[in-house]
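Thanks for coming, everyone. Let's walk through one protein chain together. Please have the sequence and the 3D view open.

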Amino acid sequence: MITKCSKLFFTKFVLASPLLCIFFTESVASSVTNQDIQTFTEKILNEDNSGLSDLVRYNRQGKAQSTRDSASQPLLNVDGRALENPTVKALMALFDNYDPDVTHPEVVTHIEKLEESAFINAVMKTKVMQSTYEFLTEKGLFRGDQESFKHWLAQIWFSLYSRGFRERGSSAFEHVFLGEIKNHQVSGLHNWIYFNNQEKSGTLNYMGWKHYLDFGKGSLVKVHFTWNDVDKPVSSLFVGTSPELELALYSVCYLARPGNACQISLNRKPLVIISHTFQGPNSQKLIGSIYPEVLRRNSY
């Protein structure tokens, strides 16, 4: 565990806590090649034995139009066995912890903090996240033991911040794995498990698809939908992937390519992870948004 920040490291930014001090440098991130990242992402896809993609059926229906609803039925039909997966259950336990309106301050209770810890502990038990920790430490992108790594994951994903309304009403996790409403627009909502949950509850209306790419153990889709009666013309999300795989891809790309396109490979299909970061309190570089993007030439 690292407990002291040395000025010998010329840091781009620092995330510090009583438990850890982690350095992210331009030179370390740039030394990680695209091939390193692509080899790693192929490795963790191969290690993801959740079987979730076999339990999801699509009903894509019509191609998305600018305003017309091209789909009279939901996009996803998810077998109930998928929702019994340990990391999926831990993820879903967090769904009722948030207010989507970013102008409303989030209040995190003791029970909710325990649910956050349970989710981190559940994903860290998987081979995917063990390999992620090993990759980040091997490449010098993370320095610390596994307990420090858990704390860091909780810090970057669950720390609350403001999106310009002076209220701590947002977090990277809420934005990416759930969704938010800002200025009467939907932002985020890049997770298929939450997408399915909201379709089932009747608060999300799928209106058609724009692009689709299958990579064997999941797929990437770009879709049009309304959520809470607010339109989102396009959103990209993985479907059939495990929470640990998505968390691994996003966390690695956040460190290796912060604020830039991160080139990954899944079953030899080239994709990119797009991240948007911003400077938070104490010069922390925070995740504003991060999501997968399909390459048009590889989709239909």
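I'll go through the disulfide, the core, two helices, the sheets and one loop residue. Keep in mind that this is a predicted model.

Start with the disulfide. A disulfide is a covalent bond between the sulfur atoms of two cysteines. How many disulfides does a search of the whole structure find? The search finds 1. That disulfide links Cys253 and Cys262, with 2.2 Å from S to S. The torsion about the S-S bond of Cys253 and Cys262 is about -65°, so this disulfide is left-handed. Are the two cysteines buried or exposed? Buried means under 20% relative accessible area. Cys253 has 2% relative accessibility, so Cys253 is buried. Cys262 comes out at 0%, so Cys262 is buried too.

Now the core. In soluble globular proteins, nonpolar side chains tend to be buried together. Here the largest nonpolar core has 84 residues. Which of them touch the most other members? They are Phe119, Trp157, Phe173, Phe195, Phe238 and Ile264. Helix H9, residues 243–256, gives the most to this core, with 10 residues. Take Phe173 as an example. Leaving out residues up to four places away in sequence, Phe173 touches Leu91, Leu94, Tyr98, Phe119, Trp157, Phe158 and Leu178.

Back to H9. In this helix, 14 of the 14 residues are buried. At 1.5 Å a residue, H9 should span 20 Å. Its end C-alpha atoms are 20 Å apart, which agrees.

Next, helix H5, residues 127–138. The same sort of check works here. The 12 residues of H5 should span 16 Å, and the end C-alpha atoms are 16 Å apart, which agrees. Which residues of H5 are buried? Among them are Val128, Met129, Tyr133 and Phe135. The cover over the buried residues of H5 includes helices H2, H4, H6 and H9. Just after H5 comes Gly140, with a positive phi of about 80°.

On to the strands. Strands of a sheet pair through backbone hydrogen bonds, either parallel or antiparallel. One open sheet has 3 strands, in the order S7-S8-S9, with antiparallel pairing. Why do S7 and S9 each have one side without a neighbour in the sheet? S7 (204–214) and S9 (230–239) stand at the edges, and each has a single partner strand, so one side of each stays free of a neighbour in the sheet. On average, neighbouring strands of this sheet are turned by 20° against each other, direction ignored. What packs on the sheet? Helix H8, residues 192–201, does, touching S7, S8 and S9. The direction of H8 makes about 150° with that of S7. S7 and S8 are joined by 9 bridges. Asp214 has Ser219, in S8, as its bridge partner.

There is another pair to look at. S11 (residues 269–279) and S12 pair antiparallel over 8 bridges. Thr277 has Ile287, in S12, as its bridge partner. S12 covers residues 285–293, and 9 of its 9 residues are buried.

Last stop, Ala82. Where does Ala82 lie? Ala82 is in the loop between strand S4 (76–78) and helix H3 (86–92). At 1% relative accessibility, Ala82 counts as buried. Ala82 touches Leu52, Leu55 and Val88, not counting residues up to four places away in sequence. Ala82 and Asp54 are 28 residues apart in sequence, with 8.9 Å between their C-alpha atoms.

That's the tour. Thank you.

Methods
Residues are numbered from 1 along each chain as its sequence is written. This is a predicted model: local features need pLDDT of at least 70, side-chain atom pairs count only at pLDDT 80 or more; totals for chains, interfaces and linings use all residues. Side-chain values use heavy atoms; hydrogens and water are left out. A disulfide is a pair of cysteine sulfur atoms within 2.5 Å. Buried means under 20% relative accessible area, exposed over 50%, partly exposed in between (1.4 Å probe, protein chains only). A nonpolar core is a set of buried Ala, Val, Leu, Ile, Met, Phe, Trp, Tyr and Cys residues joined through side-chain atoms within 4.5 Å. Helices (H or I, at least four residues) and strands (E, at least two) are DSSP runs, numbered from the N terminus. Contact means heavy atoms within 4.5 Å. Two strands pair if DSSP finds at least two bridges between them. Axes are lines fitted to C-alpha atoms, for helices over the stretch in contact, and angles run from 0 to 180 degrees between N-to-C directions. The expected span of a helix is 1.5 Å times one less than its number of residues.
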